[in-house]
Amino acid sequence: MGSDNLEETLGQALRLLESAVHHHRRSALASASAELPVAGEAVAGWVARLVLRAERDVIWSLPEVTGEDHARLVGQTLAQLAGKGVRTRMLCPPGVIRGAAWQRSVGTVARLEVRVCEGVRQELVVVDGAAVIAPDASPGEPGGSRASMIQNSTVADMLHQLLCGMWDTAQRPMRPLSFEGGARGRVLREVLKLMAEGYKDDAAARKLGLSVRTYRRYVADIMRDLQVESRFQAGVRAVRAGLMESDPD
């Protein structure tokens, strides 16, 4: 099975398990699981406190960062985990890691493992392979107004295996320094766009006001930075890495 088909299958499984989590909240599926009101504390803060109990391993799917405060809280949490020697894996959509708030707060955390996956739609955290923390997201509010800690071993094991499977098929972030801002970054993105649109080298060079030799040097730089052997592969990898999107603010 190809990686694209596997990722699609895992995404479908994630949606089914998300439905199971929501059903779990509304029923007495397991006495060890409870709906946890947070008594005025932001759910994002509650999640951070529980994540910090980890001693060995955290795998965390994060579909969005809603602002500077949220990014700072996530970054501080991850930095503390790193200080404790806890292995932490973050799964995010490409747009999240390209945001300025992420870059300023989370992007500076040492030894953090990050992969990008478009299938991440709900925040789920598995701590030490056991308790699952599942915030009930609301638009514009990190974690929403409710959260559940699910200690049912069957549900926890299923979600842990699912997130690990998504991790194995997710892409490592492809954001080389040469693509990040500045005049050179803008030219590289324009070259990448023309490559994706199928322009011939001479036509693309004329459009950008470059010599054919200079244009081809940019193409070679892009293929080297993206670690690919063909222009088609460069286009595919650039789309998956979010490089075809506009620069973050």
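Select Met90 to begin: leaving out residues up to four places away in sequence, Met90 touches Trp60, Leu62, Val74, Leu78, Trp102, Leu112, Glu113, Val114, Arg115 and Trp167, where contact means heavy atoms within 4.5 Å. The model on your screen is predicted, so that local features need pLDDT of at least 70 and side-chain atom pairs count only at pLDDT 80 or more, whereas totals for chains, interfaces and linings use all residues. Residues are numbered from 1 along each chain as its sequence is written, and side-chain values use heavy atoms, with hydrogens and water left out.

**The cores**

Keep Met90 selected and add Trp60, Leu78 and Trp102, since these four touch the most other members among the 29 residues of the largest nonpolar core. A nonpolar core is a set of buried Ala, Val, Leu, Ile, Met, Phe, Trp, Tyr and Cys residues joined through side-chain atoms within 4.5 Å; buried means under 20% relative accessible area, exposed over 50%, and partly exposed in between, with a 1.4 Å probe and protein chains only. Two or more residues of this core come from each of H2, strand E2 (57–61), H3, strand E3 (87–92), helix H4 (94–97), strand E4 (113–116), strand E5 (124–127) and strand E7 (141–150). The helices (H or I, at least four residues) and strands (E, at least two) are DSSP runs, numbered from the N terminus. H2 gives the most to this core, with five residues. Another core, of 18 residues, lies apart from it and includes Ile59, Leu124, Val155 and Leu163.

**Helix H2 and the largest cavity**

Colour H2 next, which is mostly covered, with eight of its nine residues buried: these are Val43, Ala44, Gly45, Trp46, Val47, Ala48, Leu50 and Val51.

Then turn to the internal spaces, of which two are cavities of 30 Å³ or more. On a 1 Å grid over the protein atoms alone, a cavity is a set of points where a 1.4 Å probe fits but cannot get out, and lining residues have an atom within 4 Å of a point. Grid points are joined across faces, edges and corners, and a volume is the space filled by probe spheres set on the points. The largest cavity holds about 70 Å³ of space. To find it, select Ala44, Val47, Trp60, His70 and Glu123, which lie nearest its centre among the twelve residues that line it. Helix H2 (43–51) and helix H3 (68–84) each supply at least two residues of this lining. By class, the lining of the largest cavity has eight nonpolar, three polar and one charged residues, with Ala, Val, Leu, Ile, Met, Phe, Trp, Tyr, Cys and Pro counted as nonpolar, Asp, Glu, Lys and Arg as charged, and the others, Gly among them, as polar.

**Strand E3 and helix H6**

Move to Leu91 in strand E3, which is buried because its relative accessible area is 0%. Its contacts, not counting residues up to four places away in sequence, are Trp60, Ser61, Leu62, Arg115, Cys117, Val120, Leu163, Met166, Trp167 and Ala170. A distance drawn between the C-alpha atoms of Leu91 and Leu62, which are 29 residues apart along the chain, should read 6.1 Å.

Select His160 in helix H6 (residues 153–169); at 19% relative accessibility, His160 counts as buried. Leaving aside neighbours within four places in sequence, His160 is in contact with Asp57, Ile59, Arg89, Val126 and Gly129. His160 and Ile59 are 101 residues apart in sequence, yet 7.9 Å apart in space, C-alpha to C-alpha.

**Two loops and helix H8**

In the loop between E5 and strand E6 (132–138), select Asp128, where phi is near 55 degrees, a positive value in a residue other than glycine. Most residues other than glycine have a negative phi.

Gly107 sits in the loop between helix H5 (100–105) and E4, and counts as partly exposed because its relative accessibility is 45%. The C-alpha atoms of Gly107 and Gly75, 32 residues apart along the chain, are separated by 7.8 Å.

Go on to Asp201 in helix H8 (residues 201–208), which at 12% relative accessibility counts as buried. Asp201 touches Val212, Tyr215, Arg216 and Arg231, not counting residues up to four places away in sequence.

**The whole chain**

Zoom out to finish: the secondary structure comes to ten helices and seven strands, and buried residues make up 49% of the 249 residues. Among contacts between residues at least 6 apart in sequence, 71% join residues at least 24 apart.

Methods. On a 1 Å grid over the protein atoms alone, a cavity is a set of points where a 1.4 Å probe fits but cannot get out, and a pocket is an open set with protein on both sides within 12 Å along at least five of seven lines; lining residues have an atom within 4 Å of a point.
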